[in-house]
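Okay, everyone, thanks for coming. Let me put the model up on the screen and then walk you through a few spots in it.

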Amino acid sequence: MIHPKAIIQPKAKLDSTVQVGPFAVIDAGVELGANCVVGPHAYLTGETKIGSGNKFHAGCVIGDAPQDLKSKDEPTRLRIGDDNVFREHVTIHRSTRLDAETTIGSHNFFMANSHVAHNCAIGDHVILANGALLGGHAAVQDRAFISGNCLVHQFTRVGMLAMMQGGSAISRDLPPFCVSLRENEICGLNIVGLRRANFSPEQRLELRKLYRLLFRGGTNLREALAGAQKQFNHGAAKILLDFLAEAKRGVCADVGHASEPGDE
């Protein structure tokens, strides 16, 4: 299960079912759960706790020190759930402080050369395509899809089932169920994602009505939000409204397209 040319510190904790390839390095603070696979030349370090069924492809760097000038190279933490895939040369950095941690949920897919910075919080079933970059303290909620070469600024949030088009960038929060393009713009709902997540036609119709009221109603977002909270108060609509109410960095703005992508 463990290649003889792998380097594993004696204090590292590996389940008996873990597989480790040649020239992989696993440092003392790492814990690996059942059925994890660590590919060749991968580097796992820091106070990193990893669940079961995770796969680390060649050249991953997981749990290394944060890229932050304020960092004191302390034994800070990274926590990873179950059944994630980390493709070639993915980098995931641990937190900047001892009282915080970088967190990765379960069933996520990190494609080659994607990067998750210190203190980020990733939910479940999230996809980061090749070259996607998350700045420090960013938060990505369940089932979000971040396409190739996208940029997410530090402290920015990406909502549930949101989608970023390839090469887009955000420094404001991207609301749940919405599609981003270019820079801090949205162009409708992620209808394809909603269908794949088994949202009913009635739920999708309600979200369309709410989207138009919030982003295409001709009033500023604060006024539109106050009005919408009186009309929509449950289910997916409430998820969207609660996300907007908690926004601190501002919210991506609609660019005025006539219809949502994927809707007919």
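Let's start with L210, which touches A228, F232, A237, L240 and L241, leaving aside residues up to four places away in sequence. Contact here means heavy atoms within 4.5 Å. L210 sits in helix α2, residues 201-215. Helices are DSSP runs of H or I with at least four residues, strands are runs of E with at least two, and both are numbered from the N terminus. L210 counts as buried because its relative accessible area is 0%. The cut-offs are under 20% relative accessible area for buried, over 50% for exposed, and partly exposed in between, with a 1.4 Å probe and protein chains only. From L210 to A224 you go 14 residues along the sequence, and the C-alpha atoms are 9.6 Å apart in space.

Before I go on, a word on what we're looking at: this is a predicted model, where local features need pLDDT of at least 70 and side-chain atom pairs count only at pLDDT 80 or more, while totals for chains, interfaces and linings use all residues. Residues are numbered from 1 along each chain as its sequence is written, and side-chain values use heavy atoms, with hydrogens and water left out.

Next helix over on my list is α3, residues 221-231, which holds R222. Is R222 buried or exposed? R222 is exposed, because its relative accessible area is 72%. Its C-alpha atom is 8.7 Å from that of A245, and those two are 23 residues apart along the chain.

Now the sheets. One is an open sheet of 9 strands, in the order β1-β4-β7-β10-β13-β16-β19-β22-β25, with parallel pairing. At its edges stand β1 (7-8) and β25 (169-170); each has a single partner strand, so one side of each has no neighbour in the sheet. By pairing I mean that DSSP finds at least two bridges between two strands. Inside that sheet, β7 (residues 43-44) runs parallel to β10 (residues 61-64), joined by 2 bridges, and L44 stands opposite I62. Then 3 bridges join β10 to β13 (residues 91-93), again parallel, and here D64 has H93 as its bridge partner. Further along, β16 (residues 115-116) and β19 (residues 133-134) pair in the parallel sense over 2 bridges, with H115 opposite L133.

There's also an open sheet of 8 strands, ordered β2-β5-β8-β11-β14-β17-β20-β23, with parallel pairing. Its edge strands are β2 (13-14) and β23 (157-158), each pairing on one side only. Strand β5 (residues 31-32) is joined to β8 (residues 47-50) by 2 bridges, and the two run parallel. Across that pair, L32 stands opposite I50.

Stay with β8 for a second, since T48 lies in it. T48 counts as buried because its relative accessibility is 0%. What does the side chain of T48 reach? It reaches the backbone oxygen of T45, at 2.5 Å. For a polar contact, we need a pair of N or O atoms within 3.5 Å; within protein, one must be able to donate a hydrogen and the other to accept it, and residues adjacent in sequence count only if both atoms are side-chain atoms. T48 also touches G29, V30, E31, I62, G63 and L78, again not counting residues up to four places away in sequence.

Two loop residues have unusual-looking entries in my notes. L161 has a positive phi of about 55 degrees, although it is not a glycine. L161 is found in the loop between β23 and β24 (163-164), and it counts as buried because its relative accessible area is 6%. N184, also not a glycine, has a positive phi near 55 degrees. N184 is in the loop between β26 (178-181) and β27 (185-189), and with a relative accessible area of 10% it is buried.

L161 turns up again in my last item, as one of the residues lining the largest pocket. Others in that lining include H125, R143, F145, M163 and R196. Which helix gives the most to the lining? That's α1 (residues 191-196), with 3 residues. That's where I'll stop, so over to you.

Technical notes
On a 1 Å grid over the protein atoms alone, a cavity is a set of points where a 1.4 Å probe fits but cannot get out, and a pocket is an open set with protein on both sides within 12 Å along at least five of seven lines; lining residues have an atom within 4 Å of a point.
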